[in-house]
Amino acid sequence: MTMAERTKCLILGGGPAGFTAAIYASRANLSPILYEGIQPGGQLTTTTIVENFPGFPGGVDANTLMDNMRNQAASFGADIRQGTATAVDFGKRPLEVTIDADHVIEADTVIIATGAEARYLGLPSETKYRGGGVSACATCDGFFYRGRTVAVVGGGDTACEEALYLSSLAKKVYMIVRRDVLRASKAMAAKVMGRENIEILWNCNTQEVLGDGFSVTGARLLRKDGTVFDIEIDGFFLAIGHSPASGLFAPWLDTDAAGYIVTEGKTSRTSVEGVFAAGDVQDPHYRQAVTAAASGCRAARDAEQYLLERN
Ligand code: NDP
């Protein structure tokens, strides 16, 4: 174990929320240290072109966008490092975070921007076609399916929202629902059922995503009555929920039933003073790069305000 290092502001997570927090915190002279975590660049790097981030008519490559954010933060002096938080002690002052099990950081403020991960079914064929028609973000990738046929897995509000979004672009949308009811709210369910080009395949589970080696061409489904059948599709969208990367912090902070960190009102303040949360780890709803970036800005401003008030 090396000697502890001290910082005014420690940022955990290298996605849009973390980097935006680092841009604002470094410009406010907080000399932030940012650890990128296991997926440098965050969830966005699992997609290719980002077409809905403002300022990029024609779209921007997801990795380029994240490299730009990283470089922008570094240009203002943010200390950006590789590493993952493996332990925290938010009962101490200063707050204590251990990185990669051997480096202790003592921080006056911590901004948690560790994101969330879309859940997948766990089929090898699904992994094989990720980026070749398998996606967990209709808002990101739906545009590529104009006039084509797609399937959405799930029966919650997200699945309905994604199916509705896709139905305005695609020729036909299947919803693959494992029970005979939708978990979604009545209003969302009614909208989906009223949409002509959405067909719900009830009581169905996906056995395999079918493809030609490069792209998705279909899915093999198993109905509860034992029937196995194939559908022809060009895109396979997962909407079976997200898991926030909050496990390490949950013993210290208030989280909701799904594990999202609870923040106070419109601020990024958590239930522990000096600890702030930004981006998807505290947002089950919007989950966009631009909303994550905006909440990273808020977290840095809140941290700055907290330090000003304390001194
Ligand atoms: P939910 O957990 O609400 O729904 C997940 C859906 O995926 C369920 O239908 C579930 O089926 C299904 N599912 C889970 N695992 C599997 C699996 N292995 N195979 C097949 N199907 C599976 O997640 P959401 O992301 O939809 O929503 C999260 C929260 O965000 C909710 O509280 C929701 O209300 C909210 N939200 C609200 C919106 C709005 O109000 N406009 C928009 C989006 C989200 P089953 O029902 O059988 O468990």
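**View 1. Ala300 sits in helix H7.** Helices here are DSSP runs of H or I with at least four residues, strands are runs of E with at least two, and both are numbered from the N terminus. This is a predicted model, with residues numbered from 1 along each chain as its sequence is written. Local features need pLDDT of at least 70, side-chain atom pairs count only at pLDDT 80 or more, totals for chains, interfaces and linings use all residues, and side-chain values use heavy atoms, with hydrogens and water left out. Is Ala300 buried or exposed? Ala300 has a relative accessible area of 2%, so it counts as buried. For this and the later views, buried means under 20% relative accessible area, exposed means over 50%, and partly exposed lies in between, using a 1.4 Å probe and protein chains only. Ala300 and Ile11 are 289 residues apart in sequence, yet their C-alpha atoms are 9.3 Å apart in space.

**View 2. Here we meet the residues around the ligand, 14 of them.** A residue belongs to this group if one of its heavy atoms lies within 4 Å of the ligand. Which residues come nearest? They are Gly155, Asp157, Thr158, Arg179 and Arg183. By class, the shell has three nonpolar, six polar and five charged residues. In this sorting, Ala, Val, Leu, Ile, Met, Phe, Trp, Tyr, Cys and Pro are nonpolar, Asp, Glu, Lys and Arg are charged, and the others, Gly among them, are polar.

**View 3. Asp157, Thr158 and Glu161 each bring a polar side-chain atom to the ligand.** A polar side-chain atom of Asp157 lies 2.6 Å from a ligand oxygen atom. For Thr158, a polar side-chain atom is 2.7 Å from an oxygen atom of the ligand. The side chain of Glu161 has an N or O atom 3.1 Å from a nitrogen atom of the ligand. Taken alone, the ligand exposes 920 Å², and the protein buries 70% of that. These areas come from the Shrake-Rupley method with a 1.4 Å probe; for residues, only the protein chains shown count as cover.

**View 4. His103 belongs to strand S8, which covers residues 103–112.** The side chains of His103 and Glu5 are joined by a polar contact of 2.6 Å. A polar contact is a pair of N or O atoms within 3.5 Å; within protein, one must be able to donate a hydrogen and the other to accept it, and residues adjacent in sequence count only if both atoms are side-chain atoms. His103 is buried because its relative accessible area is 18%. The C-alpha atoms of His103 and Val50 are separated by 35 Å, with their positions 53 residues apart along the chain.

**View 5. A cis peptide bond joins Arg93 and Pro94.** Its omega is about -5°. Pro94 is found in the loop between strand S6 (85–89) and strand S7 (95–99). Strand S6 also holds Val88, a buried residue with a relative accessible area of 13%. Val88 and Ile99 are eleven residues apart in sequence, and their C-alpha atoms are 9.0 Å apart in space.

**View 6. Asp100 and Arg287 are residues other than glycine with a positive phi.** Phi is near 45° for Asp100 and about 55° for Arg287. Where do they lie? Asp100 is in the loop between S7 and S8, while Arg287 is in the loop between strand S19 (275–277) and helix H7 (289–310). At 41% relative accessibility, Asp100 is partly exposed, whereas Arg287, at 18%, is buried.

**View 7. Aromatic rings meet each other in five pairs across the structure.** Rings of Phe, Tyr and Trp (its six-membered ring) pair if their centres lie within 6.5 Å; planes under 30 degrees apart are stacked, over 60 edge-to-face, and the rest tilted. Phe53 and Phe56 form a tilted pair, 6.3 Å centre to centre with 50° between the planes. Phe53 is buried at 15% relative accessibility, and Phe56 is partly exposed at 29%. Phe90, Phe249 and Trp252 form one aromatic cluster.

**View 8. Arg27 and Arg130 each lie over an aromatic ring.** A charge sits over a ring if NZ of Lys or CZ of Arg is within 6 Å of the ring centre and within 35 degrees of the ring normal. Arg27 lies over the face of Phe76, at 4.7 Å from the ring centre. The charged end of Arg130 is over the ring of Tyr120, 3.6 Å from its centre.
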